[in-house]
Amino acid sequence: MIRKHRLLVAYLLILVVFTTYVALDTFVITRVYGGAYAQTSTSTEAAQTSGGSTSEESRLAVTTSNSYEDSNISVTVNGYTVSDTQVYVAEVSLSSPEYLKTALAQGLYGKNVTATTSEIAEDNNAILAINGDYYGTQERGYVIKNGELYRSTAASGQEDLVIYKDGTFKIINESEVSAEDLIADGAVQTLSFGPALVENGQVSVGTNDEVKKAMGSNPRTAIGVRADGTYLFVVADGRTDESEGLSLYELAEFMEEQGAVTAYNLDGGGSSTMVFNGNVINNPTGGMAGHGSGNERSVSDIVYIGY
């Protein structure tokens, strides 16, 4: 009897240790796999190829509390109230798609390598930034950032947004195309969260669709593009007395109303953050002690506009 009791205690102890390790490995333990992609061509060379201009004179910017404009980049941020929810929309026009970029936390590719959206934005001199797909919490799913392929392991059925060299957006299924083929076709970014919100100008989710267990009204982040090439960066606040949050379907409807022909859902909840001209302009709800400043949640990556 005593032997059985000891075996049971030993089994429970092993189970607790294993469960604790799995939790730490998933959410805490940092594993760095490589540095961030360093673009081999100079910004001037890239601008000459694309027809853009990066001279200091051409980049003299006019800014207001909600706008930024120079000869290459124009950003206007407006606020809306939708279903008792505060939504921020940045409309972006670019002379070249090279100014639409992604960046990794701490400039490193790895698991649980994180920083707040505002910190990553500052490190990369971003004019405008939103949180990305939080690739670092996943073992699978394509990771292509600024033309560099970091992870080519497909996640079955995963729906990605692919951004190509010419700035166009396309929704793909990882089960149907390899990461290497995407690179060969000119992909420079993949965002692997989802799902797609709008395809061909039409809402592509149903009223009951959701992201795993994130049912109901929540903070949300999305990116989209209009037919004329204007990019839409969108963040909706939620889980506060001032802002309820949106369902996935409500977010899709809003993106359609904004004129998006393609729109995609990014990491939301406590991650949802928009930074403009160095300031966090929404009300993030994901901060934890020791995990970033203010109410921002630390994340793996951002999507941003900048040089």
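**Close-up 1. Phenylalanine 254 and its ring partner, tyrosine 80.** At 3% relative accessibility, phenylalanine 254 counts as buried, where buried means under 20% relative accessible area, exposed over 50% and partly exposed in between, with a 1.4 Å probe and protein chains only. Tyrosine 80, at 29%, counts as partly exposed. A search of the whole structure, which is a predicted model, turns up five aromatic pairs. For these, rings of Phe, Tyr and Trp (its six-membered ring) pair if their centres lie within 6.5 Å; planes under 30 degrees apart count as stacked, over 60 as edge-to-face and the rest as tilted. The rings of tyrosine 80 and phenylalanine 254 have centres 5.7 Å apart and planes at 70°, so this pair is edge-to-face. Tyrosine 80 sits in strand β4 (residues 73-82) and phenylalanine 254 in helix α5 (residues 248-257), so the pair ties together parts 174 residues apart in sequence. Helices (H or I, at least four residues) and strands (E, at least two) are DSSP runs, numbered from the N terminus.

A word on the ground rules: in this predicted model, local features need pLDDT of at least 70, side-chain atom pairs count only at pLDDT 80 or more, and totals for chains, interfaces and linings use all residues. Residues are numbered from 1 along each chain as its sequence is written, and side-chain values use heavy atoms, with hydrogens and water left out.

**Close-up 2. A tyrosine cluster.** How do the rings of tyrosine 109 and tyrosine 135 pair up? Their centres are 5.3 Å apart and their planes at 20°, so the pair is stacked. Tyrosine 109 lies in strand β7 and tyrosine 135 in the loop between β9 and β10, so parts that are 26 residues apart in sequence get tied together. Both tyrosine 109 and tyrosine 135 are buried. Add Tyr150, and Tyr109, Tyr135 and Tyr150 form one aromatic cluster.

**Close-up 3. Lysine 145 between two aspartates.** The whole structure holds four salt bridges, each being a side-chain nitrogen of Lys or Arg within 4 Å of a carboxyl oxygen of Asp or Glu. One of them joins the side chains of aspartate 133 and lysine 145 (3.7 Å, N to O). Aspartate 133 is in the loop between β9 (128-131) and β10 (143-145), and lysine 145 is in strand β10, 12 residues apart. Lysine 145 also forms a salt bridge with aspartate 301, with the closest N and O atoms 3.5 Å apart. This pair links lysine 145 to strand β23 (residues 301-305), home of aspartate 301, 156 residues apart. Salt bridges that share partners thus join Asp133, Lys145 and Asp301 into one network. Burial runs through the group: aspartate 133 and lysine 145 are both buried, lysine 145 has a relative accessible area of 1%, and aspartate 301 comes in at 0%.

**Close-up 4. Arginine 226 meets glutamate 91.** Here the two side chains form a salt bridge at 2.8 Å, N to O. Arginine 226 belongs to strand β17 (residues 220-226) and glutamate 91 to strand β5 (residues 85-94), so the pair ties together parts 135 residues apart in sequence. Is each partner buried or partly exposed? Arginine 226 is buried at 19% relative accessible area, while glutamate 91 is partly exposed at 23%.

**Close-up 5. Polar contacts of glutamate 296 and lysine 111.** Glutamate 296 is placed in the loop between β21 (279-280) and β22 (298-299), and at 5% relative accessibility it counts as buried. A polar contact is a pair of N or O atoms within 3.5 Å; within protein, one must be able to donate a hydrogen and the other to accept it, and residues adjacent in sequence count only if both atoms are side-chain atoms. One such contact, of 2.5 Å, joins the side chains of glutamate 296 and serine 118. A polar side-chain atom of glutamate 296 also lies 3.2 Å from the backbone nitrogen of threonine 117. Elsewhere, lysine 111 is found in strand β7 (residues 108-111) and is buried, with a relative accessible area of 8%. The side chain of lysine 111 makes a polar contact with that of glutamate 139 (2.7 Å).

**Close-up 6. Leucine 128 in the largest nonpolar core.** A nonpolar core is a set of buried Ala, Val, Leu, Ile, Met, Phe, Trp, Tyr and Cys residues joined through side-chain atoms within 4.5 Å. The largest has 29 residues, of which Val75, Leu128, Ile223, Phe233 and Met274 touch the most other members. Not counting residues up to four places away in sequence, leucine 128 touches residues including Val75, Ala90, Phe233, Met274 and Ile305, contact meaning heavy atoms within 4.5 Å.
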